[in-house]
Amino acid sequence: MEKELENLKEALRNELAETKKEADILNVKSKYVGKKSRIFELLSDLKNMSVDDKRKYGSLMNVTKKEMEMMVSDALENLDSQSSNLFDDTIEFEKELGSLHPITIVAKEVTDILKRMGFTVVSGHEMETEYYNFEALNIPKDHPARDMQDTYYLDNGMLLRTQTSGDQIHSMERFGAPLRICSPGRTFRNEDLDANHENTFFQIEGMVIDEGISIGNLMYVMKLVLSEVLKQEVDIRLRPGFFPFTEPSYEMDISCTICGGSGCPTCKNSGWIELIPGGMVHPNVLRSGGIDPDKYNGFAFGIGLTRLAMMKYKINDIRILNSGDIRYLENFRID
Ligand code: DAH
């Protein structure tokens, strides 16, 4: 009898080890501890046994039955903790995964490179005040530079930011000097749409503030970012530029990757694409951020992430990027 009870437990243990689904465990349960199970049969036979045998085997049978019931409930509990009830892996389904958007890919590549150089990644607000978008950046009301960045003014007196540059001020206020931040995000301008212009596009702002920073530091960082992200030979040229928040300001252009520099609609037939404007932070901007311009200086830059994605993947029409056309975007799948 003892042997038979041991065998029953052993058989139950083996069958449970083989089952992965609730329905199968319930079948095993009814086979081993249900009304028609062997242990039930043995228990109901107890009444025909001698008083001695009843005493000898009665409690052993009951204990065995309890143990077997526990084994079943443990198996069911394990199943719950693996959420197998919710996820039936025997069902066939389409294993088609989505892909990252090209702008997401380049944004991640740029922030990863900058993070390696000690930059903190911050995130600004798409709805911004005029103060942070313009005034604190040395663009007072009525300054002609505002014309170049026509935007959407909101009923609440705020605006959709035209640039990520306002995050320079937020970061200086928040962290003080010395500082290394970058801030990727969406920006908006009231533009007529064409192959090169969208009313919604992405930039990443960068700012470094410390003692004794030079334009050489800026050039080094930019070259590293470009060579790692584009992974192809491109010519670079530096031109003087104008931005109220940097002095001196410059524009870094790269040779157009779509036409190789010979001229096409994307580069307006110039062979060059304006990619990274930047310069040395204007003392008024440092003051707006509460930083002493006699002690600290720094550089700032704003990379057009949308353009960078176009150049990296040779996309000749900016509208494709915001179109949500999965057939096109799938071409940039990285696995
Ligand atoms: N915010 C400028 C734009 O959208 C780009 C820019 C220029 C950012 C110079 C900078 C900078 O940080 O130093 O056109």
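In strand E5, threonine 200 is the bridge partner of phenylalanine 188. That pair belongs to a longer run of contacts in this predicted model: strand E4 (residues 179-188) and E5 lie antiparallel to each other, joined over ten bridges. E5 also pairs with strand E9 (residues 297-304), again in the antiparallel sense, this time over eight bridges. One place to look for that pairing is glutamate 205, which stands opposite glycine 302 in E9. With partners like these, how much of E5 is covered? Ten of the eleven residues in E5 (residues 200-210) turn out to be buried.

Zooming out, these strands are part of an open sheet of seven strands, with mixed pairing and the order E1-E4-E5-E9-E8-E7-E6. The edges are taken by strand E1 (120-121) and E6, each of which pairs on one side only. At the E6 end, strand E6 (residues 236-243) runs antiparallel to E7, and seven bridges hold the two in register. E6 and E7 make a hairpin, with two residues between them. Two pairs are handy for finding this hairpin on screen: leucine 238 stands opposite methionine 252 in E7, and arginine 239 has glutamate 251 of E7 as its bridge partner.

Next comes the nonpolar interior. In soluble globular proteins, nonpolar side chains tend to be buried together. Here, the largest nonpolar core has 46 residues, and the members that touch the most other members are Val110, Leu114, Phe301, Leu305 and Leu308. Quite a few elements chip in: helix H5 (102-116), E5, helix H8 (215-230), strand E7 (246-255), strand E8 (272-281), E9, H10 and helix H11 (319-322) each supply at least two residues. H8 gives the largest share, with eight residues. There is also a second, separate core of 22 residues, which includes Phe134, Leu179, Leu286 and Ile291.

Phenylalanine 301 gives a feel for what sitting in the big core looks like. Leaving aside residues up to four places away in sequence, phenylalanine 301 touches Leu114, Phe119, Ile204, Glu205, Gly206, Leu218, Met222, Ile276, Pro277 and Gly278.

Helix H10 (residues 305-313) is where threonine 306 is found. Is threonine 306 buried or exposed? Its relative accessibility is 5%, so threonine 306 counts as buried. Its contacts, again not counting residues up to four places away in sequence, are Ile103, Phe201, Phe202, Ile318 and Leu321. Much of the helix shares this situation: seven of the nine residues of H10 are buried, so the helix is largely enclosed by the rest of the structure. Those seven are Leu305, Thr306, Leu308, Ala309, Met310, Met311 and Lys312. After H10 comes lysine 314, with a positive phi near 55°.

Helix H7 (residues 166-175) has its own covered set, made up of Gly166, Asp167, Gln168, Ile169, Ser171 and Met172. What lies over these buried residues of H7? The cover includes helix H6 (130-133), E4, E5, helix H9 (283-288) and E9. Just after H7, glycine 176 has a positive phi of about 70°.

The ligand has 16 residues around it, and the closest are Gln163, Ser165, Arg189, Gln203 and Glu205. Some of the surroundings can be pinned down atom by atom. In the side chain of glutamine 163, an N or O atom is 2.6 Å from a nitrogen atom of the ligand. Glutamine 168 also reaches in with its side chain, where an N or O atom is 3.1 Å from an oxygen atom of the ligand. With alanine 300 the backbone is involved: one of its N or O atoms lies 3.2 Å from an oxygen atom of the ligand.

Finally, the cysteines. How many disulfides does the structure hold? The count is zero. Cysteine 182 has a relative accessibility of 0%, so it counts as buried. Cysteine 267 is in no disulfide, and the nearest cysteine sulfur, belonging to cysteine 259, is 3.7 Å away. Since a disulfide here calls for sulfur atoms within 2.5 Å, that pair does not qualify. Cysteine 267 is buried as well, with a relative accessible area of 3%.

Methods:
Residues are numbered from 1 along each chain as its sequence is written. This is a predicted model: local features need pLDDT of at least 70, side-chain atom pairs count only at pLDDT 80 or more; totals for chains, interfaces and linings use all residues. Side-chain values use heavy atoms; hydrogens and water are left out. Buried means under 20% relative accessible area, exposed over 50%, partly exposed in between (1.4 Å probe, protein chains only). Helices (H or I, at least four residues) and strands (E, at least two) are DSSP runs, numbered from the N terminus. Two strands pair if DSSP finds at least two bridges between them. Contact means heavy atoms within 4.5 Å. A nonpolar core is a set of buried Ala, Val, Leu, Ile, Met, Phe, Trp, Tyr and Cys residues joined through side-chain atoms within 4.5 Å. A residue is near a molecule or strand if one of its heavy atoms lies within 4 Å of it. A polar contact is a pair of N or O atoms within 3.5 Å; within protein, one must be able to donate a hydrogen and the other to accept it, and residues adjacent in sequence count only if both atoms are side-chain atoms.
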